[in-house]
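User: Please take a close look at one part of this structure, the sheet. Walk me along it strand by strand, then add what packs around it and elsewhere.

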Amino acid sequence: MDEDTQATLPGHAAAERATGERAPQRWVQGWRRIMLSAGMLVYPCLTAVAVSGNVSGAALVAGYAVVGAFCLCFVLTATAMIHRRRRQVLLLLAVMSALFLAALPFAHENAFYLAIVVVSFVAVLRRRHATLVTVTATLAALLVPWAVPAWHAGPGTFQALALLFTVLTTGAFAEIATTNQALVAARAEVARLASEAERNRIARDLHDLLGHSLTAITVKSRLAQRLAAKDPDQSLAEMAAVESLSRQALADVRAAVTGYRDVTLAGELARGRELLRAAGVVADLPTSTDPVATRDGELFGWVVREGLTNVVRHARADRCTVTVTGSSVEIRDDGTGADGRTGGTGRTGEGSGVGKGLRGLRERVAAAGGTVEAGPLSPRGWRLLVTVPPSARHGRAPARKGTT
């Protein structure tokens with residue numbers, strides 16, 4: 001609803017394309033905001049009830065007209081904010097403030113319910129001035145009813161408390177919405193930068209690998225052409241060398257592509273640390289992979305990739321811990337997203353619809369002779385443990401963790 005949140009929509013759209021989470025984000029951007037905005041209409045309704053209790057006849061009609069005009073301005077203001085019409089929003093807020101003042105003779109202290117709506121808009125639009133405006137409006141709601149003898153009312157305690165807590169709640173929601181938008185945009189940017197870095201690496205590797213080989217092939221091919229008539233045997237030898245260089249270049253390209261697709265434990269920990277940071281999850285990850293044998297590094301890398309991806313997608317966690325030993329890797333989170341993890345399409349993929357990620361991971365671990373354990377923790381959280389036969393070396397290094 002606020003302009004700061006709306007300003008992040010381009011990045012948010014890019015994140016949707018990157019993550020495929022369009023439906024949940026449409027809910028965040030659409031119906032939830034509409035429902036919260038519609039809930040603010042409760043306050044004009046309370047003011048209208050107060051009008052009927054304080055005045056009658058022509059004054060009652062005038063009071064209802066003021067409250068009705070306020071409701072219309074509220075709807076127009078919310079619509080203008082969605083479409084980022086800043087000037088129109090400010091103009092309508094000025095009109096709503098005037099209507100609040102006009103409602104005071106009709107609704108008395110209950111007219112301050114209209115002030116709640118106005119100050120809530122100010123708290124979203126003018127955050128630098130939100131504290132001053134909120135304190136001023138709260139004091140006015142508290143003291144004005146007591147200062148006007150004709151109203152026969154004491155301090156407007158209830159109205160003041162309603163104003164204070166409603167504005168605080170609205171401001172908190174605006175901050176959360178802005179933070180969520182920034183997080184989604186950051187995730188999209190992380191994915192884009194990672195993809196760009198990999199493309200640059202592959203381009204550099206292919207250039208370095210093929211530059212020398214193709215140059216040598218070109219030179220030898222020309223030499224073989226010149227020797228074809230004078231020295232056929234030498235020409236054949238040069239063409240054989242060309243074939244050998246071509247095979248070597250092909251092997252180098254395959255090796256580069258394999259390196260591009262390889263998964264390493266150290267690389268996945270580094271990428272996972274950045275992913276968790278972007279998702280707002282405290283990452284307690286190892287700073288060293290020394291306990292892990294070389295033969296287990298790729299397998300443990302796949303475990304970390306699958307486990308951390310599921311934490312970000314499903315867990316709704318605040319903290320994630322990865323523990324690595326010479327024969328095991330364990331991923332724990334304190335998330336509450338357990339509904340989808342025990343059913344057919346959740347994190348574990350157990351039941352009728354086995355998840356492709358964990359199914360592939362189980363196959364990899366089984367091929368290495370290891371085991372996979374996955375399940376909920378008490379009172380909250382999730383645990384993924386992969387254990388493989390210990391490496392053939394003296395002793396077993398202790399588990400290591402590191403906090404970032």
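Analyst: Threonine 371 stands opposite threonine 387 in S5. This is a predicted model. A second facing pair on these strands is glycine 375 and arginine 383, the arginine being in S5. Strand S4 covers residues 371-376, and strand S5 covers residues 382-387. Six bridges join the two, and they run antiparallel. S4 and S5 form a hairpin. Five residues lie between the strands. One residue in that turn, glycine 381, has a positive phi of about 115°.

Now the sheet as a whole. It is open and has five strands. Their order is S1-S2-S3-S5-S4, and the pairing is mixed. S4 is an edge strand, and so is S1 (282-284). Each of these two pairs on one side only. On average, neighbouring strands of the sheet are turned by 10° against each other, with direction ignored.

Start again from the other edge, at S1. Three bridges join S1 to S2. These two strands run parallel. Valine 282 stands opposite arginine 319, which is in S2. Between S1 and S2 the chain passes through helix H13. This β-α-β crossover is left-handed.

How much of S2 is buried? Five of its six residues are, so S2 is largely enclosed by the rest of the structure. The cut-off for buried is under 20% relative accessible area.

From S2, move on to S3. A hairpin joins S2 to S3 through three residues. The two strands pair in the antiparallel sense, over five bridges. Here valine 322 stands opposite isoleucine 331, a residue of S3. The sheet therefore holds a parallel pairing at S1 and S2, and antiparallel pairings at S2 and S3 and at S4 and S5, in line with its mixed character. On side chains, one general point helps when you view the strands. In a regular strand the side chains alternate between the two faces of the sheet.

Next comes the helix that covers the sheet. H13 spans residues 294-315. This helix lies across S2 (319-324), S3 (328-333) and S5. H13 runs at about 5° to S3. The helix that lies across these strands is also the one in the crossover from S1 to S2.

A charge and a ring meet at tryptophan 302. Arginine 364 lies over the face of tryptophan 302. The distance from the ring centre is 3.8 Å.

Finally, look away from the sheet, at the aromatic pairs. The structure holds three of them. A pair of aromatic rings is described by the distance of the centres and the angle of the planes. One of the pairs is phenylalanine 74 with phenylalanine 121. Their centres are 5.6 Å apart, with 55° between the planes. The pair is tilted. Phenylalanine 74 sits in helix H6 (residues 58-82), and phenylalanine 121 in helix H8 (residues 112-125). The two are 47 residues apart, so the pair links distant parts of the chain. Phenylalanine 74 has a relative accessible area of 4% and is therefore buried. Phenylalanine 121 is also buried, with a relative accessible area of 4%.

H6 holds alanine 78 too. Alanine 78 has 14% relative accessibility, so it counts as buried. Its C-alpha atom is separated by 9.8 Å from that of leucine 92. Alanine 78 and leucine 92 are 14 residues apart along the chain.

Notes. Residues are numbered from 1 along each chain as its sequence is written. This is a predicted model: local features need pLDDT of at least 70, side-chain atom pairs count only at pLDDT 80 or more; totals for chains, interfaces and linings use all residues. Side-chain values use heavy atoms; hydrogens and water are left out. Two strands pair if DSSP finds at least two bridges between them. Helices (H or I, at least four residues) and strands (E, at least two) are DSSP runs, numbered from the N terminus. Axes are lines fitted to C-alpha atoms, for helices over the stretch in contact, and angles run from 0 to 180 degrees between N-to-C directions. Contact means heavy atoms within 4.5 Å. Rings of Phe, Tyr and Trp (its six-membered ring) pair if their centres lie within 6.5 Å; planes under 30 degrees apart count as stacked, over 60 as edge-to-face and the rest as tilted. Buried means under 20% relative accessible area, exposed over 50%, partly exposed in between (1.4 Å probe, protein chains only). A charge sits over a ring if NZ of Lys or CZ of Arg is within 6 Å of the ring centre and within 35 degrees of the ring normal. A crossover is right-handed if, with the strands pointing away from the viewer, the path from the first strand over the helix to the second runs clockwise.
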